[in-house]
Each structure stands twice: as structure tokens, then as C-alpha cells.
Amino acid sequence: MSIDTHPRVTGLTAAEVDQRRKDGLTNDVPDRASRSVKDIVRANVLTRINAILGVLFVLVLLTGSIVDGMFGLLIVANSGIGMIQEIRAKRTLDKLAIVSQAKPVVRRDGVANAVAPKEVVLDDVIELGPGDQIVVDGGVIESANLEVDESLLTGEADAVLKEPGAEVLSGSYVVAGSGAYRATKVGADAYAAKLAQEASKFTLVHSDLQSGINSILKFITYLMVPAGLLIVYNQLFSSGQSWRPAINGMVAALVPMVPEGLVLMTSIAFAVGVVRLGKRQCLVQELPAIEGLARVDVVCADKTGTLTENGMRLSELKLADPATDPLPLQQAIAAMAADDPRPNASVQALGEAFPESPGWEQTAVAPFSSAKKWSGLSYGANGNWLLGAPDVLLDPQSDIARDAEEIGSAGLRVLLLGSSDRSVDAPDAPGVVTPEALVVLEQRVRPDARSTLEYFASQKVSVKVISGDNAVSVGAVAGSLGLPGGDRPIDARNLPSEQELLADVLDGSTTFGRVRPDQKREMVGALQSRGHTVAMTGDGVNDVLALKDADIGVSMGSGSPATRAVAQIVLLDNKFATLPYVVGEGRRVIGNIERVSNLFLTKTVYSVLLAFLIGIAGVLSQVFGFDPIPYPFLPRHVTIAAWFTIGIPAFILSLAPNNERARTGFVPRVMRLAIPSGLVIGIATFVSYLIAYAGPNATDEQVIQAGTAALITLIMIAVWVLAIVARPYVWWKVLLVAGSVVGYLVLFGLPVTREFFRLDPTNVDVTVAAIICGAIGIVLVEIAWWVGARVSNAKEEDEIAAAA
């Protein structure tokens with residue numbers, strides 16, 4: 001479509017807007033591309049695990065033993081709990097996303113109003129200012145030094161000057177100047193619509209944790225296939241049983257191999273994390289960000305809006321020459337504040353202090369940018385006025401420059417009001433700058449900033465304060481909060497450009513001032529080059545590139561639309577103090593999933609091993625002619641074995657507090673406990689069963705006693721594995737383990753439960769043998785855990801030494 005450059009300043013009329021809506025020429029894209037409820041239901045019901053359990057459930061029903069089909073309730077529980085938690089998380093995210101979304105300012109009938117992105121129609125005139133995200137494609141019709149950053153689309157880091165007639169693309173954002181453009185492509189036709197839709201989906205993929213679990217599930221699948229084939233052959237062809245008990249034994253062997261709760265607990269942990277953080281007004285735009293923050297070891301924070309509050313107030317107007325009449329200077333400040341279409345916090349404070357504009361006619365404008373650190377307006381005969389950083393505009397050896405640094409050392413923000421000998425839009429601007437006054441602004445340190453920094457220090461997370469403000473001022477604020485190294489700020493203009501040298505400086509310093517946007521990005525890259533996981537917080541358009549490159553980007557809710565768009569996490573309450581809760585939630589998710597993974601994988605390992613042992617025994621019985629050995633358990637036995645060793649404890653542990661710092665190597669750590677524990681349980685259970693098994697001519701009572709003996713051994717060791725996973729102990733964990741023991745004592749002790757679950761521990765010799773096997777297994781599991789912990793600690797020490 002051709003771009004009309006005619007400046008239609010009033011915008012569309014109400015009638016024209018209505019007509020375009022009727023014609024379907026609207027920006028009809030979802031506010032948030034979250035999964036629909038239908039998609040969530042489908043994803044939780046139509047799973048491979050549910051399909052396996054469903055087939056086995058039907059087979060048990062065919063035998064007529066409804067009690068042995070109790071494991072079928074897992075299908076309902078898995079699907080129901082997963083759907084409820086994901087729908088809660090979806091609703092939380094969608095509500096917060098509406099609050100966080102960028103609202104473009106649209107001019108209609110000559111009046112500008114902020115509207116939701118989907119309310120924009122074709123040919124709308126949309127006003128632009130610093131930090132605004134371009135929501136639809138269009139052509140520029142007004143430009144006052146309008147500079148647009150298209151790096152998120154093209155990868156080109158330099159901002160592009162947009163004159164009237166130039167094209168702007170959705171997904172880019174304004175870094176300096178102001179202007180307006182007419183929408184030429186809306187809805188699905190807009191350049192970034194598909195990219196934005198894909199980027200904001202509610203998803204659990206692309207996560208280190210999920211990748212680890214998927215690797216584990218793949219490994220389990222490879223084990224399950226041969227083990228399953230062996231047990232099917234043994235039960236149906238070599239055990240000598242009739243088809244009903246043979247089917248029940250086969251199902252009892254296959255059901256516990258399926259780690260049905262592992263994926264469910266992972267989904268629940270993430271979803272509950274989203275809901276908990278949502279209650280703290282924290283929008284998680286990408287779910288793996290919860291996991292990522294748990295791994296962060298460096299937080300890069302801006303000063304303004306993070307350590308200090310956003311609002312400012314004028315503290316003093318310090319004249320360069322005390323004999324100068326202050327009125328013209330105050331008029332110049334008032335004029336500049338009034339003529340700024342999108343004033344930042346500093347200019348807003350000046351506008352509040354000097355609200356009466358003299359009404360001067362501007363002849364040229366130079367918008368503020370983070371790169372040059374100054375802005376300016378020319379007013380013809382009333383002069384060319386500049387407002388910016390004293391250490392950029394002044395000779396550092398001048399008296400007024402030294403005054404500015406001294407004032408800044410108290411933590412105050414200092415700007416220079418100066419006049420120039422040439423127009424501010426001249427190619428060589430600012431030219432010769434005459435200092436007129438120092439504008440001293442007061443910022444309040446956030447009351448919760450110190451406690452937040454102390455939390456990160458206690459968690460061994462280092463904080464780097466990276467600001468565009470004067471280094472001395474930044475250092476004063478950081479030092480007042482007790483940040484180590486805050487009293488030794490570094491001026492970023494003196495930083496090396498080589499990544500290795502820059503990383504050396506970052507390792508030894510914590511506070512940096514006069515940092516350019518491209519330097520923020522380079523600093524993040526330098527930290528990452530040393531193996532750090534970096535979180536970047538920011539609220540200004542100058543933070544966008546660094547937020548995008550950081551492992552985790554965190555934006556304040558009051559930040560620019562572009563900043564909120566690229567951040568994975570948005571703190572809608574604008575509180576830096578919320579970040580520790582986000583880190584804590586991530587650690588809870590990671591640590592607890594690792595705990596419950598140990599339980600589920602231990603069960604899978606011992607189930608596969610037991611199936612192998614029984615299956616191989618059946619094959620050998622055919623070859624050598626000795627009596628075959630049927631599977632020791634009924635489906636109801638494996639159901640109750642999981643109740644108090646995995647099911648209920650895993651659910652509680654997955655939601656419990658956990659402040660352990662996330663570490664790499666999730667899969668090896670889980671396997672170091674799960675594989676030895678599973679092997680011990682499988683072998684001990686098999687030995688216990690062989691001792692109790694009375695042969696193919698055994699009475700029904702003896703068959704039940706043998707199965708009970710094997711179950712006692714299995715449960716004893718499995719409860720001990722639970723006790724290991726629950727460490728370190730607190731009162732509720734002790735109750736959890738004790739409750740599991742009591743639960744099994746009740747099941748084995750009451751006549752009604754014995755009858756219902758076909759349990760018989762009355763044969764003293766068999767039961768004692770089973771307890772001895774269980775005790776030996778407990779000792780072996782404890783030894784395996786101790787050795788595994790030593791190996792894990794040694795590896796961590798080696799990694800720390802290598803990093804150092």
C-alpha cells in the first residue's frame with residue numbers, strides 16, 4: 001500500500017472510525033495469545049500417559065476386578081488438577097497482561113486519547129514519543145527528530161531517523177524525538193503481529209527443567225519397552241496362571257513404570273508459581289522465566305526507578321553567577337518543560353516547579369537521548385537553551401563542573417541549564433555552551449531498597465548498579481544502601497571496549513555511572529561470557545537492548561511500553577522489593593520439582609527392575625524347566641504403595657517453601673539417588689518375594705502372604721527414600737514422613753483394609769524376613785545417598801574452583 005505523506009493532523013472522525021470497524025479494518029489481534037480453555041483441556045486429557053493408563057484400566061475392568069482399577073482415578077486426578085491449575089494461571093496472566101499492555105495514543109477528531117491496541121483502525125493517526133512501541137505498521141506524517149530503534153526486528157543497533165514519508169514497522173520503538181504516523185497495515189497484516197502472538201504464548205517449553213524431564217522420560221521409555229514385553233510374556237504364557245490373575249499381574253507391573261505424576265507436578269508447580277506471583281502484581285510473560293530467575297547469580301539494576309523512586313522534585317536552582325537575574329532562567333526552564341510533548345521524570349519535576357510558561361515560539365528542537373545526554377530548544381531571539389549532564393556539557397576542570405560533582409556526591413541528581421551560541425539542531429550542536437545554572441533534583445531512595453540488596457547478598461547473588469546518571473551520584477546512592485563497592489563508582493566512559501577486559505572490571509566493581517545503552521548491552525554480554533546468569537532490571541527505553549540480551553529481563557510496570565514488551569517479567573507494582581519473591585518462587589519450583597522427581601523416578605526404576613527380574617525368571621523357567629514365578633502384586637497393591645510414598649507426599653513437597661539456590665546438572669543429580677534407590681528396592685523386594693513364595697501349588701493364603709511380604713519390603717525402603725528426599729527436616733516434614741508410616745500401619749493393621757486390599761502379614765516368619773530385607777535395603781539406600789551426596793559436593797567444589 002502506498003504511503004500518504006499528507007499531514008492529516010486531526011485524524012479520523014468518529015464516523016470514519018465506525019465505518020472501518022464495520023469493514024473489518026481493525027487491529028484485530030488478541031490482547032494476549034494465551035492458550036484457550038479448550039486447548040488446556042485437550043493438552044491435559046489427551047496425553048500419552050493417560051492413554052497408557054486408560055488401556056490398562058480397560059484390561060483390568062475386563063477381568064471383573066473393579067477394585068484393582070483404582071489406579072484409573074489417576075487419569076481423572078492428573079487431568080483435573082492440571083486443568084484447574086493451568087486455567088487459574090491463564091486467567092491470572094491474562095488479567096495482568098491487560099494492565100501491562102501498551103496503549104497507543106490515537107488522534108481522532110483532533111483529540112488524542114490512549115486506546116487499547118486492538119481498537120486501532122486503518123488510517124488512524126497515532127502519536128509517538130520516547131519509549132512508545134509502534135503497534136501497527138504505518139507512514140510518518142509528523143516528525144520532530146523522531147528516532148526509531150528497529151533492532152528487535154532487524155538486529156541493527158543504531159536508531160533510524162524517521163522523516164515524514166518514512167515507513168515505520170510494528171515491533172520497533174521510539175528512542176528519541178516525537179511525531180505521528182498513519183496506520184497503513186493493521187491486524188494480521190502488521191509486520192510483528194505473528195511474532196508478538198508467538199512470543200506471548202502461555203507455554204512450558206524451552207526450559208532447562210523441561211528439557212531435563214523430557215530426557216528422563218525418553219530414558220524411561222527405552223527401559224519400559226523391553227521390561228513390559230518380558231512381563232507380558234511371563235504373565236500370559238509362562239506363569240501358568242489363568243487369564244484373569246495373569247492380566248492383573250501384568251497391569252500391576254506396568255502401571256508403576258509410568259511416571260504419571262512427574263509431568264503433572266511440574267505443570268502444577270509452574271502454574272501455582274504464576275498465581276502466587278500474580279497476587280504480588282508480578283506478570284510472568286514467559287513461564288520459564290520463573291525457573292531462570294532461580295538460577296540468576298548477577299542482578300543488574302538501574303538506579304532511577306529501581307533503587308530510587310520514580311518521582312523527583314526540584315531541590316535548588318544554583319546560579320552559575322549569583323549576580324544573574326534568575327527570572328530569564330526560570331522562564332527558559334518553564335518554556336522547555338511546557339514544550340516537551342513527552343517529558344521524562346526530570347522535566348516533569350521542572351514543570352511542576354515552574355508551571356508558568358512564557359509562551360516563547362520554538363524555532364528548533366533537539367530531543368533528549370541516552371547517547372548524547374542532553375536536550376535543547378531554540379527560541380529565536382530568546383536564545384538557544386540546553387538541559388543535560390554537567391560532566392558531558394562542561395569542561396571537567398571548571399569550577400561549576402566541580403560544584404556539580406560535589407552536589408552529586410550527596411546522591412542528588414544534577415542537570416546543567418546552559419545556553420548555546422548556535423541553534424540546537426545545528427550539525428555541530430551543542431557548540432559553545434555557557435553554563436547558566438545547576439538544576440538540583442532530589443530523589444527519594446526506596447525504603448525497601450536496602451533490605452532487597454541485603455537479601456541478594458545473603459543468597460550470594462551479586463548486584464551491579466548500572467545507570468546513565470553521574471557516576472558520583474550513583475555511587476552515593478549505592479553506598480548509602482550498603483552495597484559493597486558502592487563508594488567506588490566507575491565512570492563508564494572510561495570502560496574498555498574489549499569483552500574480556502570489560503568482564504575483569506565488572507568482576508571487581510559493582511557501581512557504574514554514565515553508562516550508554518549500547519554499553520549496558522555489552523556489560524550484560526561480558527558477564528554472561530564469564531558463565532554468569534544475568535537478570536537485568538529497567539524501566540526506560542535505554543534499557544531495552546540490555547533487557548533483551550539478559551537471561552532474564554525484568555521491567556517496572558511504569559516503564560516504557562517498549563521495555564515492558566521485551567521483558568519476561570513485569571513488576572506492575574513498580575517495586576524492586578518484589579524481585580526477591582520472584583527469585584524465591586523460582587527456587588521453590590526448581591527445588592521441589594527436583595525433590596519429587598527423585599520419588600517418581602525411584603518408583604519407575606524399581607518397577608522396571610522388578611518386571612525384568614520376574615520376566616527373566618519366567619524365560620529361564622521355560623528354558624531350564626523349573627517352576628515359573630508370577631508377578632507378586634495386584635494393581636491395588638501398587639496403588640497403595642504409591643499413596644503414602646509418592647502421591648500425597650509429592651504433592652505437598654511440590655508446593656512447599658524451598659530456598660535452595662538452583663544449580664545446573666538437574667538430571668545427573670536426580671539419577672544419582674533414583675537409580676541406586678530403585679535398584680535396591682527392586683532387588684530387595686524380589687529377594688523378599690523369593691523367600692516367601694511357596695511355589696505354583698501354594699494356597700491362596702500363601703500367595704497373599706508372599707505378595708504382602710514383598711509389599712512390606714518395598715514400602716519400608718520407599719518410605720526411607722521419602723525421608724531422604726524430605727531433608728533437611730522441619731516440623732511439617734517430620735509429620736509428613738510420620739504420617740506416611742502411620743498410614744501404612746493402619747492399612748496393614750485393620751481387618752477391613754486387609755480384606756479390601758488382600759493383605760496378610762500374619763505369617764510371622766515371612767513377615768520377619770520381609771522386615772529384615774527392608775532393613776538391609778534401608779542401610780544400602782542410605783549408603784548410596786551418602787556416596788551420591790559426596791560425589792555431587794565434590795563436583796560443585798570443582799566447578800567453583802574452575803570458575804574462580
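**Close-up views of a predicted model**

**Figure 1. The largest cavity holds about 80 Å³ of space.** The model shown here and in the following figures is predicted. A search of the whole structure finds three cavities of 30 Å³ or more. The largest of them is lined by 13 residues. Those that lie nearest its centre are P256, Y606, V638, A641 and L714. Three elements give two or more residues to this lining: helix α21, α22 (635-655) and α24 (700-725).

**Figure 2. The largest nonpolar core contains 120 residues.** Which members of this core touch the most other members? They are L293, I569 and F633. Helix α21, which spans residues 579-624, gives the most to the core, with 16 residues. A second core lies apart from this one and has 26 residues, including V175, V298, L502 and A546.

**Figure 3. L293 is shown with its contacts from elsewhere in the sequence.** Neighbours within four places in sequence are left aside in this view. With which residues is L293 then in contact? The partners are A535, I552, I569, L579, V582 and V583. One of them, I569, is named with L293 and F633 among the core members that touch the most others.

**Figure 4. G586 is a buried glycine in helix α21.** Is G586 buried or exposed? The residue counts as buried because its relative accessible area, 0%, is under the 20% limit. In sequence, G586 and G292 are 294 residues apart, yet their C-alpha atoms are 7.3 Å apart in space. When neighbours within four places in sequence are set aside, G586 is in contact with I290 and A294. This pairing of residues from separate parts of the sequence may be set beside a value for the protein chain: among contacts with a separation of 6 or more, 73% join residues 24 or more positions apart.

**Figure 5. L527 is a buried residue of helix α18.** The helix runs over residues 517-529. L527 is classed as buried because its relative accessible area of 2% is under 20%. Which residues does L527 touch, not counting those up to four places away in sequence? The list comprises V298, C300, K464, L506, H532 and V534. Of these partners, V298 is also among the members of the 26-residue core. L502, another member of that core, is 25 residues from L527 in sequence and 8.7 Å from it in space, C-alpha to C-alpha.

**Figure 6. Two cysteines, C282 and C773, are both buried.** C282 has a relative accessible area of 1%, and the value for C773 is 11%. Both count as buried because these values are under 20%. How many disulfides does the structure hold? The number is zero.

**Figure 7. Cis peptide bonds precede P430 and P728.** The bond between A429 and P430 is cis, with omega at about 15 degrees. P430 has its place in the loop between strands β14 (413-420) and β15 (433-445). The bond that joins R727 and P728 is also cis, and its omega is about -5 degrees. Where does P728 lie? This proline is in the loop between α24 and α25 (731-749). Helix α24 also appears in Figure 1, as an element that gives two or more residues to the lining of the largest cavity.

**Figure 8. K460 and R758 have positive phi values in residues other than glycine.** Phi of K460 is near 60 degrees, and phi of R758 is near 55 degrees. K460 is found in the loop between helix α15 (449-458) and strand β16 (462-466). R758 lies in the loop between helices α26 (751-757) and α27 (764-803). K460 is exposed, because its relative accessible area of 65% is over 50%. R758 is partly exposed, because its value of 29% falls between 20% and 50%.

**Figure 9. The protein chain as a whole has 27 helices and 21 strands.** This view gives the setting for the close-ups. What share of the 804 residues counts as buried? The share is 56%. The accessible surface of the chain comes to about 33,500 Å². Carbon and sulfur atoms account for 59% of that surface.

Conventions:
Residues are numbered from 1 along each chain as its sequence is written. This is a predicted model: local features need pLDDT of at least 70, side-chain atom pairs count only at pLDDT 80 or more; totals for chains, interfaces and linings use all residues. Side-chain values use heavy atoms; hydrogens and water are left out. Helices (H or I, at least four residues) and strands (E, at least two) are DSSP runs, numbered from the N terminus. Buried means under 20% relative accessible area, exposed over 50%, partly exposed in between (1.4 Å probe, protein chains only). Contact means heavy atoms within 4.5 Å. Accessible areas come from the Shrake-Rupley method with a 1.4 Å probe; for residues, only the protein chains shown count as cover. A nonpolar core is a set of buried Ala, Val, Leu, Ile, Met, Phe, Trp, Tyr and Cys residues joined through side-chain atoms within 4.5 Å. A disulfide is a pair of cysteine sulfur atoms within 2.5 Å. On a 1 Å grid over the protein atoms alone, a cavity is a set of points where a 1.4 Å probe fits but cannot get out, and a pocket is an open set with protein on both sides within 12 Å along at least five of seven lines; lining residues have an atom within 4 Å of a point. Grid points are joined across faces, edges and corners, and a volume is the space filled by probe spheres set on the points.
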